[in-house]
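User: Please go through this structure with me, one point at a time.

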Amino acid sequence: MRCLITGAAGQVAYSLIPMIGNGNAFGHFQAIDLVLFDLELQKKRLEGIRMEIEDSNFKMISSITCTVDPEVAFKDASIVIFIGSKPRTQGMNRSDLLTENKKIFFEQATLMKRLSKPDVKILVVGNPANCNALIIAETAKEIPRENITSLMRLDHNRVISAIALHKGIQFHKISNSFVFGNHSPTLCPCLTKMAVNHQHFPQDDTFHKWVNNSLIPVKDCVNKECKI
């Protein structure tokens, strides 16, 4: 099975590759032809990652292709993990970020629908993940929508941590909270079923006021990367 990782020279991909190689991602009986794709300026780093993979002797990786050519990368892909996206930097408007990523994901989705397997499975990691997933779905309409998913864990975790810090609760004790919307200040947390230690969390007027005034829009949650 041919698995493509975009943005493969980055830290997220570096953490993901061992999980694929050990069989923790796609199972211990599924051999993977791993394709690592990134920009031209990352070519040497890709080759370094290739050598590390070879030295690690991962049992589930049957071949490794490192490329900066998108035509090669998307060819016959059964799984595409979109990690690569333009990050938001300090002072950058979110509309500018969306414009840049729209171009990237439109171009890659166009290549994917032409070159990859018709039933390709897609996971979008690069933020804003669900917006980028929508761009792919609208661009590559031939690919079933149920084959496209995105990760919202970062936004979910940031909402949990904000609540935990506000209430003095340990993070892992909070459950049944959800987030909807995009990776932006319009992100909306759903806390009606929130539980602490598996018990329904009573939400008084003070808590609702904090949620409405401080957590919505969740600017502190989604803008952390711009403060560093």
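Analyst: A residue counts as buried when its relative accessible area is under 20%, as exposed when that area is over 50%, and as partly exposed in between. The model discussed here is predicted.

User: Is N132 buried or exposed?

Analyst: N132 is found in helix α5. Buried means under 20% relative accessible area. The relative accessibility of N132 is 1%, so the residue counts as buried.

User: Which backbone oxygen lies 2.9 Å from a polar atom of the side chain of N132?

Analyst: Leaving aside residues up to four places away in sequence, N132 touches S85, N101, F105, V124, G126 and N127. One of these also offers its backbone oxygen at 2.9 Å from a polar atom of the N132 side chain. That oxygen belongs to G126.

User: Which strands are the edge strands of the sheet?

Analyst: Six strands form an open sheet with parallel pairing, in the order β3-β2-β1-β4-β5-β6. An edge strand pairs on one side only. The edge strands are β3 (61-67) and β6 (148-150).

User: What angle does the direction of helix α5 make with that of β6?

Analyst: Helix α5 spans residues 129-139 and packs on the sheet. Its contacts there are with β4 (79-82), β5 (121-124) and β6. With the direction of β6, that of helix α5 makes about 165°.

User: Why is the sulfur of C188 not bonded to that of C190?

Analyst: A disulfide needs two cysteine sulfur atoms within 2.5 Å. C190 holds the cysteine sulfur closest to that of C188, yet it is too far for a bond. The distance between the two sulfurs is 7.3 Å.

User: Which helices does the salt bridge between E71 and R114 link?

Analyst: The side chains of E71 and R114 meet with N to O at 2.7 Å. The two residues are 43 residues apart and lie in distant parts of the chain. E71 is in helix α3 (residues 70-74) and R114 is in helix α4 (residues 94-115), so the helices linked, given the 4 Å limit for a salt bridge, are α3 and α4.

User: Which residues are linked with E138 in a network of salt bridges?

Analyst: E138 forms a salt bridge with K141, where the closest N and O atoms are 3.7 Å apart. R145 also forms a salt bridge with E138, here with the closest N and O atoms 2.1 Å apart. The residues linked with E138 in the network are K141 and R145.

How values were computed
Residues numbered from 1 in each chain as written. Predicted model: local features only at pLDDT ≥ 70, side-chain atom pairs only at ≥ 80, totals over all residues. Heavy atoms only, no water. Pairing = 2+ DSSP bridges. Contact = heavy atoms within 4.5 Å. Axes fitted to C-alpha atoms, helices over the stretch in contact; angles between N-to-C directions. Buried < 20%, exposed > 50% of the residue type's maximum accessible area, 1.4 Å probe, protein only. Polar contact = N/O pair within 3.5 Å; in protein donor to acceptor, adjacent residues only side chain to side chain.
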